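Please open the model in your viewer and keep the sequence beside it, since the tour moves from one selection to the next.

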Amino acid sequence: TITANPALNGLVLECRDYASSILGTSSGTKFINIIVPPSSPRITSLIFTSNHFTVVWTPVPMATTYNISINDSAGRTTSLPEAVNSITLTGLETNTSYTISVVAINCAGASNATHITVYSTLFPAV
């Protein structure tokens, strides 16, 4: 029997074994927790304002954290807790492209990265 166990970030495999002897039959049940890496996040929206943008993704089951990489002149990388499913980038430079990668992580490993590239055509404040 295989059942999901979100509290343990994985699956539980129930194994039953039986042993027979002249004294009779005995059985035992063992539970094995199988932890698998989370699936990839899916970016659902990109929200622009005058000087920043927000990237939103769907929460990933069994993810304990997210690693966010922003490929810009600063080369920013940040980790976000599981409950967070968006990041807002401020201090955008005019005429600059930004590639954002979102990776879901748990104790079994990391998902494939989900990427989005945006291009800032914002004009500097006057």
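In what order do the three strands of the open sheet lie, and is the pairing parallel or antiparallel? Three strands form this open sheet in the order S4-S5-S8, and their pairing is antiparallel; strands here are DSSP runs of E of at least two residues, numbered from the N terminus, and two of them pair if DSSP finds at least two bridges between them.

Before selecting further, note that this is a predicted model, in which local features need pLDDT of at least 70 and side-chain atom pairs count only at pLDDT 80 or more, while totals for chains, interfaces and linings use all residues. Residues are numbered from 1 along each chain as its sequence is written, and side-chain values use heavy atoms, with hydrogens and water left out.

Select residues 43-48 and 86-90 next: these are S4 and S8, the edge strands, each of which pairs on one side only. Then add strand S5, residues 52-57, which pairs with S8 in the antiparallel sense over five bridges; on this strand pair, His52 stands opposite Thr90 in S8.

Now centre on Thr54, which is found in strand S5. Thr54 counts as buried because its relative accessibility is 14% (buried means under 20% relative accessible area, with a 1.4 Å probe and protein chains only). Show side chains, and a polar contact of 2.8 Å appears between those of Thr54 and Thr88 (a pair of N or O atoms within 3.5 Å, one able to donate a hydrogen and the other to accept it).

Finally, zoom out to the whole protein, which has zero helices and eleven strands.

Methods:
Helix = DSSP H or I, 4+ residues; strand = E, 2+ residues; numbered from the N terminus. Buried < 20%, exposed > 50% of the residue type's maximum accessible area, 1.4 Å probe, protein only.
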